[in-house]
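Dear colleague,

Please find the structure below, followed by an account of what was found in it. I would be grateful if you would keep it open while you read.

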Amino acid sequence: MIAFNFNSVASVLVEDGATENLGSTLRARFGCERPFVISDAGLVTLGIVGKATKALDDAELSHALFDGVEADPSEAVVLTATEAAIAHQADLVVGFGGGSSMDVAKLVAVLARGEQGLADIYGVDQIRGGRLPLVQVPTTAGTGSEVTPISIITTGETTKMGVVDPTLLADMAILDATLTTGLPAHITAATGIDAMVHAIEAYTSKIKKNPISDGLAKQALLMLGSNIVLACNDGKNLDARRAMLVGAMLAGQAFANAPVAAVHALAYPLGGHFHIPHGLSNSLVLPHVLKFNEPAAAHEYAELAALMGQERSAPAFFRWVDQVAEETGVVRRLRDMDISHNDLPMLAEDAMKQTRLLVNNPREVTLDDARAIYEAAW
Ligand SMILES: NC(=O)c1ccc[n+]([C@@H]2O[C@H](COP(=O)([O-])OP(=O)(O)OC[C@H]3O[C@@H](n4cnc5c(N)ncnc54)[C@H](O)[C@@H]3O)[C@@H](O)[C@H]2O)c1
Ligand SMILES: [Fe+2]
């Protein structure tokens, strides 16, 4: 690290029950009149979105809701949501849900201005002009999307593309742990491990590792690692839920500036080909990528082991990661996800296309390495 750049969301509100005041908060901070809420149908059925729309009613705001987001959102979803936001004459966008809803909200906030199409903004730093005011309210403790400048969209049967641009950093993130108490244990586990991976990969990020991200990553891992099993075992434990939400946000701030690497690169093909949720994909390859990285990152892994109260060594860190995964009950092997051994070479070839991520890995990954890692994970 010689010189570095650090960007994040300017305003983060952490408050249990903050959703009840969402309308008055938006009015006071942004002076908006026509907020547009983006979420998914599952969260509507659970009554969670109703808490937000009631608060907007209470503040007499003319709001509209798009609840058509699906996990790993497609381009079609982004375009439909954008049309609805334009039709509503939205003056602010609220992303309300998991990473999928927040990622769609980011793009809608840009595209609703009508200056660029989706195809124009894929890649890094392609957004010209601004966006509508954007507020993110996560309901999973995982992606950290509420504080990242990244949106991941499914573009084909098996492919995803990213929009990465500082314009996608929201104006405000609101962390209300009461929204997450009903998150099922298996989603809590997978999304929580995703957040832990963000912290771990930020801490060993090859090119952009920096002291601010390091501090955030450590605090994130401490909070996530100390609370994930509690949150899985007792979803109503509000202290554990709040710690998970804050930890995931801190990990998001870390990896937004010190990007993730091979765990994510090898996880993406699992989502693409087998529709395995993002967090679970990460947790399936995590232990094997860590062991592969040991020659290049043993020192950092030893530091993280000590942080978590373990012996200061890389193997102790690997044991701790395994133990956490075991205790959360997350699926551990590719073969248990209906993936056949014959699929492994194809997965490895796909992973090698994730050059944007692989450049950040502490150790260079070749095609043979990727195959061997999948083999170990199978
Ligand atoms: N932008 C980023 O920086 C970034 C980083 C990592 C991943 N991602 C993307 O985020 C997406 C994954 O997001 P995710 O893991 O948060 O899951 P998600 O948003 O896809 O939601 C998963 C499921 O959990 C349900 N759910 C969400 N909150 C709930 C709650 N409080 N109670 C009960 N059920 C709830 C949803 O209805 C949905 O069925 C993927 O598209 C991935 O590519 C983005
Ligand atoms: Fe992730």
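Which atom of ligand 1 lies 2.8 Å from a polar side-chain atom of T140? It is an oxygen atom of ligand 1. Please bear in mind throughout that this is a predicted model.

Two further polar side chains may be described in the same way. K160 places a polar side-chain atom 3.0 Å from an oxygen atom of ligand 1. In the side chain of S145, an N or O atom is 3.3 Å from a nitrogen atom of ligand 1. Ligand 1 exposes 880 Å² when taken alone, and the protein buries 89% of that area.

The surroundings of ligand 1 comprise 29 residues, of which G99, S100, T139, T148 and I150 come nearest. By type, the shell divides into 12 nonpolar, 12 polar and five charged residues. Three elements each give two or more residues to this shell: α5 (99-111), β7 (150-154) and α7 (185-203). The largest share, four residues, comes from α5.

Helix α7 also leads to the second ligand, an iron ion. Which protein atoms serve as donors to the iron ion (ligand 2)? They are OD of D194 and the NE2 atoms of H198, H264 and H278, lying 2.1 Å from the ion. Along the chain, these donors follow the spacing D-x3-H-x65-H-x13-H. D194 and H198 both belong to helix α7 and are four residues apart, which is about one turn of the helix. Both D194 and H198 are buried.

Why is the arrangement of the four donor atoms irregular? Four donors count as tetrahedral only if all angles lie between 85 and 135 degrees, and as square planar only if opposite donors are over 155 degrees apart and all others between 65 and 115. Around the iron ion (ligand 2), the donor atoms subtend angles of 84 to 163 degrees, and the arrangement is therefore irregular.

Finally, two residues deserve a look for their backbone angles. Q89, in the loop between α4 (75-87) and β4 (92-97), has a phi near 55 degrees, a positive value in a residue other than glycine. D338, in the loop between α12 (314-328) and α13 (344-351), likewise has a positive phi, near 65 degrees, and is not glycine. Are these residues buried or exposed? Q89 counts as exposed because its relative accessibility is 58%, and D338 is exposed with a relative accessible area of 72%.

Yours sincerely

Technical notes
Residues are numbered from 1 along each chain as its sequence is written. Chains are lettered from A and ligands numbered from 1 in the order in which they are written. This is a predicted model: local features need pLDDT of at least 70, side-chain atom pairs count only at pLDDT 80 or more; totals for chains, interfaces and linings use all residues. Side-chain values use heavy atoms; hydrogens and water are left out. A residue is near a molecule or strand if one of its heavy atoms lies within 4 Å of it. A polar contact is a pair of N or O atoms within 3.5 Å; within protein, one must be able to donate a hydrogen and the other to accept it, and residues adjacent in sequence count only if both atoms are side-chain atoms. Accessible areas come from the Shrake-Rupley method with a 1.4 Å probe; for residues, only the protein chains shown count as cover. Ala, Val, Leu, Ile, Met, Phe, Trp, Tyr, Cys and Pro count as nonpolar, Asp, Glu, Lys and Arg as charged, and the others, Gly among them, as polar. Donors are N, O and S atoms within 2.8 Å of the metal (3.2 Å for Na, K and Ca); water is not among the atoms, so sites may look incomplete. Four donors count as tetrahedral if all angles lie between 85 and 135 degrees; four count as square planar and six as octahedral if opposite donors are over 155 degrees apart and all others between 65 and 115; anything else is irregular. Buried means under 20% relative accessible area, exposed over 50%, partly exposed in between (1.4 Å probe, protein chains only).
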